[in-house]
There are 2 protein chains.
Amino acid sequence: MPTVAPQRSRKAQIDRTATAMFRARGFAATSMRELATELGLEAGSLYSHIKSKEEILHRVCFGLAEDFFAGFAAATAQGSAPIATQLRQAIEAHVRVLTRDSAASAVFLHEWRHLSEPARTEFLALRDRYEVAFRALIQRGMAQGELHAPDAVFAALTLLASLNWLPAWYRPDGKLTPDEIAHRLAEQLLSGLRRTEEPV
Amino acid sequence: MPTVAPQRSRKAQIDRTATAMFRARGFAATSMRELATELGLEAGSLYSHIKSKEEILHRVCFGLAEDFFAGFAAATAQGSAPIATQLRQAIEAHVRVLTRDSAASAVFLHEWRHLSEPARTEFLALRDRYEVAFRALIQRGMAQGELHAPDAVFAALTLLASLNWLPAWYRPDGKLTPDEIAHRLAEQLLSGLRRTEEPV
DNA sequence: TATACTTCCTAACGCTCGTTAGCAAAAAAA
DNA sequence: TTTTTTTGCTAACGAGCGTTAGGAAGTATA
């Protein structure tokens, strides 16, 4: 049962299909033979295009990491803007990456553990850097009195947690557009972070 | 390399060790031979105590589901209490289950997909019921003016998302006790939900 | 035309998987 | 003591795994 195959490079098709299957069944439970069948191929044929199964996972995980960093950098480009604004833009950028390819996002969030060393450690370092960036933004907001939270570490963790649950329930054909989702999420999360009843 | 084995029934030991490995490597990537080695056994010996690999996963997933429902029921037992109080107690109960056994919780949250039918569908129905219960509580709070949120569905999703990220970073030997964590989480989440500046 | 590249095939490699059968020793119960 | 239960072993089963080698078409380039 091959799915419809648009005129994309074979390698990109493989990545795309594999990502969907990794998301649905998990990396370890997805066999190269199943992946090949889904593409209308034999298993061996895959290796004319890729080097290994893990190579696909590697590309997905590190590719998305790049996207997240790029989004955050753009959102916080003008450091003179109010922290709440930068944070809102960072949230929206994060949601945009998550919704643009929710399958890849789910793989990024859950399947990285199947990377072998040293890729696994590298990946975790990247993820940590990203988390720290969010935390630092919140801390700066707290220092300037724009944000309030009992604990910046907590705030950053719960914030990212709320966002990262999105791929679990987001459907591209749902009622809300990604931008609307991003806006609502930012609104709800910030209304818990922003100092109450003060004009920003 | 057998771990220290307290005087617990062999079956419970197997469940416990398997849960830790399922959490660390994922269900599909954990082999019965590795599990046996971790317990100081040969692979075949496991089957004197269990029927199958999936049976372990089934017990973990459905056992924890029971715990979550019991906690929620207890938290909302006195329906006359303010909704905010009930919600806070439900959050604390949820966190208590998550922290009591964070390995089992992580398996519950991420490895259920490896249940085969019909268990998988049953599990998802349970999970959905739980989510609906939270949502209903929030909706009642909104109807009574105790809570405010742009969207009850969103609120329930982000709330549970924030909580369910806990097993990813919680360490039993950390600085904060489970109760302190529960309290802080509830505080931060409710301060985003509670109508601002009104005494409850 | 000849040459190279892309794409896919068949067949097989060594290995690991979950699980079972049959047996044996130790521990508990009678 | 005898009997039963618990616990564990060895050896093997059929199946599936990721991957490779070597070849053969089709397509683009020269």
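## Briefing: two chains, two DNA strands

In this predicted model, 15 residues surround DNA strand D, and the closest are A:Met32, A:Arg33, A:Tyr47, B:Glu42 and B:Ser45. Sugar and phosphate make up 56% of the strand D atoms that come within 4 Å of the protein. Besides the DNA, there are two protein interfaces to look at: one between chain A and chain B, with about 2,900 Å² buried, and one between the two domains of chain A, with about 1,100 Å² buried.

**DNA strand D**

- Which backbone atoms lie by the phosphates of DNA strand D? A backbone N or O atom of A:Met32 sits 2.8 Å from a phosphate oxygen of the strand, and one of A:Thr30 sits 3.3 Å from a phosphate oxygen.
- Chain B takes part as well: a backbone N or O atom of B:Glu42 is 2.7 Å from a phosphate oxygen of strand D.
- Sorted by class, the surface near strand D holds three nonpolar, seven polar and five charged residues.

**DNA strand C**

- Around DNA strand C there are 15 residues, with A:Glu42, A:Ser45, B:Met32, B:Arg33 and B:Tyr47 the closest.
- Of the strand C atoms that come within 4 Å of the protein, sugar and phosphate account for 53%.
- Two side chains meet phosphate oxygens of strand C: an N or O atom in the side chain of A:His49 lies 3.2 Å from one, and a polar side-chain atom of B:Ser31 lies 3.1 Å from one.
- B:Arg33 reaches a base: a polar atom of its side chain is 2.8 Å from a base nitrogen of strand C.
- The surface near strand C divides into three nonpolar, seven polar and five charged residues.

**Chain A against chain B**

- Here 29 residues of chain A are in contact with 29 residues of chain B.
- Carbon and sulfur atoms give 64% of the area buried between the two chains. A:Phe154, A:Trp165 and A:Gln188 supply 26% of what chain A buries against chain B, more than any other three residues.
- The count between the chains is two salt bridges. A:Asp151 and B:Arg184 form a salt bridge, with their closest N and O atoms 2.8 Å apart.
- Eight residue pairs are in polar contact between chain A and chain B, both residues being at pLDDT 80 or more.
- On the chain A side, the elements that give two or more residues are α1, α5 (102–110), α7 (152–164) and α9 (178–193). The largest share, seven residues, comes from α7(A).
- That side of chain A is made up of 14 nonpolar, nine polar and six charged residues.

**Domain 1 against domain 2 in chain A**

- The domain assignment splits chain A into domain 1 (10–48) and domain 2 (54–193), and their C-alpha centres lie 28 Å apart.
- The contact takes 13 residues from domain 1 and 15 residues from domain 2.
- Carbon and sulfur atoms give 63% of the area buried between these domains. In domain 1, A:Thr19, A:Arg23 and A:Phe27 lose the most area to domain 2, together 53% of what that side buries.
- How many salt bridges does the rule find across the interface of domain 1 and domain 2 of chain A? There are two. A:Asp101 forms a salt bridge with A:Arg16, their closest N and O atoms being 3.4 Å apart.
- Four residue pairs are in polar contact across this interface, both residues at pLDDT 80 or more.
- Helix α1 (residues 10–25) gives the largest share of the domain 1 side, nine residues. By class, that side has seven nonpolar, two polar and four charged residues.

Note on methods:
Residues numbered from 1 in each chain as written. Chains lettered and ligands numbered in written order. Predicted model: local features only at pLDDT ≥ 70, side-chain atom pairs only at ≥ 80, totals over all residues. Heavy atoms only, no water. Near = heavy atom within 4 Å. Polar contact = N/O pair within 3.5 Å; in protein donor to acceptor, adjacent residues only side chain to side chain. Nonpolar A, V, L, I, M, F, W, Y, C, P; charged D, E, K, R; others polar. Domains from an automatic or database assignment. Contact = heavy atoms within 4.5 Å. Buried area = accessible area lost by both parts, 1.4 Å probe. Salt bridge = Lys/Arg side-chain N within 4 Å of Asp/Glu carboxyl O. Helix = DSSP H or I, 4+ residues; strand = E, 2+ residues; numbered from the N terminus.
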